[in-house]
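Let's take a walk through this structure together, one region at a time. Have the sequence and the 3D view at hand.

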Amino acid sequence: MRVFSSIDELRHTLDALKRQGRTVGLVPTMGYLHAGHMELVSRARAENDIVVVSIFVNPLQFGPAEDLSKYPRDLERDAAMLRQAGVNFLFSPGVEDMYPRPMLAVVDVPDLGRELEGAVRPGHFAGVATVVCKLFNIVQPQTAYFGEKDYQQVVIIKRMVDDLAVPVRVISVPTVRDSDGLALSSRNVYLSEAERHAAVIVPQTLDEAERLVAGGLTDPVELEARLTAFLNREPLAKPEVVAVRDASTLQPVTSIAEPVVVALFVRVGSTRLLDNRTIGRPGLPGKGVTR
């Protein structure tokens, strides 16, 4: 596995391989890898000749009171995992490589990016869309892989790709969970033992949502209220977003008739946990590919 920090060097290497007809898959990450990331890598390896994994803790998507400085980092550990998984190239730029001067151009999908998680993290999804667009321009992959745990992020990236005619197929991969159902996340390392035990309330709330809808509940407002009450049974959990939305558009619904996504954004201690479940048929829109 070759490791690059230079944009020009990575582009030059990939251009030569693409001229040979090799296909390229990209897995964008912020590092501190876990089994969920490795599932994305496995999917990319199965579907492409060349796999590029990027590790970049992107300052544009962190708010002023968020955890940029303490976000977990271990590049040596991550590189060993990727090497063992058969990744061809690791792109690990510094901030000075990605943003040699303050960014004036920004990619935003405001109607989607200011909902749900975006409502409590202003500017977050503009930062996500900007860095992903830049990574797409640098690597120019045929396919890119994202985890469905970040459901809203996937919807936004697919819409960005479609709107801007970016020739990348965006593949969403199901969430990987621990044995008790908690979605794997790099931020789980922040949880104390008591908080980790309490965090299971998040996937349990999604189970409760599925049970209530299967039992005939069709009012989204009532479902949100009952799920909030369910979460509040755990003293260490503080729900910030409990929302029932159209699974494809993320718009509010008046009745649970079409497929919906139940989106949760819950603070356990000082750690924000994100999770979701689509109830009904799969709801992530399209394939994120220019036609």
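Does Gln-153 count as buried or exposed? Keep in mind as you look that this is a predicted model. Gln-153 has 17% relative accessibility, and the cut-off for buried is under 20%, so Gln-153 counts as buried. You will find Gln-153 in helix 8, which covers residues 151-163. Beyond its neighbours within four places in sequence, Gln-153 is in contact with Phe-125, Val-128 and Phe-146.

Gln-153 has a partner in the annotation: an unreviewed UniProt entry places the feature "binding site" at Gln-61 and Gln-153. These positions are spread over 93 residues of sequence, yet they cluster in space, with a largest C-alpha distance of 11.6 Å. Gln-61 sits in the loop between strand 3 (50-55) and helix 3 (75-84). Gln-61 is buried too, because its relative accessible area is 10%. With neighbours within four places in sequence left aside, the contacts of Gln-61 are Met-30, Glu-66, Arg-121, His-124, Gly-127, Val-128 and Val-131. Notice Val-128, which appears in the contacts of Gln-61 and also in those of Gln-153.

Now turn to the nonpolar interior. The largest nonpolar core has 48 residues, and the members that touch the most others are Val-52, Phe-91, Met-98, Phe-136, Ile-157 and Met-160. Helix 7 (residues 124-139) gives the most to this core, with ten residues. Phe-136 is a good one to select in your viewer: outside its neighbours within four places in sequence, its contacts include Leu-26, Pro-141, Ala-144, Phe-146, Ile-157 and Met-160, along with several valines, among them Val-161 and Val-170. Another core lies apart from this one; it has 26 residues, including Leu-227, Val-260, Val-262 and Leu-273.

Leu-227 leads us to helix 11, where it is one of the buried residues, together with Pro-220, Leu-223, Phe-230 and Leu-231. Why do these residues line one face of the helix? Seen down the axis of helix 11, they fall within an arc of 95°, so they share one face. The general background is that an α-helix has 3.6 residues a turn, so residues three or four places apart point the same way. Among the elements covering the buried residues of helix 11 are helix 10 (201-214), strand 7 (237-246) and strand 8 (260-268).

Helix 11 itself (residues 220-231) has twelve residues and reaches 16 Å from its first C-alpha to its last, close to the 16 Å expected. At its N-terminal end, Asp-219 acts as a cap, with a side-chain oxygen 3.0 Å from the backbone nitrogen of Val-221.

Conventions. Residues are numbered from 1 along each chain as its sequence is written. This is a predicted model: local features need pLDDT of at least 70, side-chain atom pairs count only at pLDDT 80 or more; totals for chains, interfaces and linings use all residues. Side-chain values use heavy atoms; hydrogens and water are left out. Helices (H or I, at least four residues) and strands (E, at least two) are DSSP runs, numbered from the N terminus. The expected span of a helix is 1.5 Å times one less than its number of residues. Buried means under 20% relative accessible area, exposed over 50%, partly exposed in between (1.4 Å probe, protein chains only). The arc is that of the directions from the helix axis to the C-beta atoms. Contact means heavy atoms within 4.5 Å. A polar contact is a pair of N or O atoms within 3.5 Å; within protein, one must be able to donate a hydrogen and the other to accept it, and residues adjacent in sequence count only if both atoms are side-chain atoms. A nonpolar core is a set of buried Ala, Val, Leu, Ile, Met, Phe, Trp, Tyr and Cys residues joined through side-chain atoms within 4.5 Å. UniProt positions are given in the numbering used here, feature names are shortened, and annotations may be inferred rather than shown by experiment.
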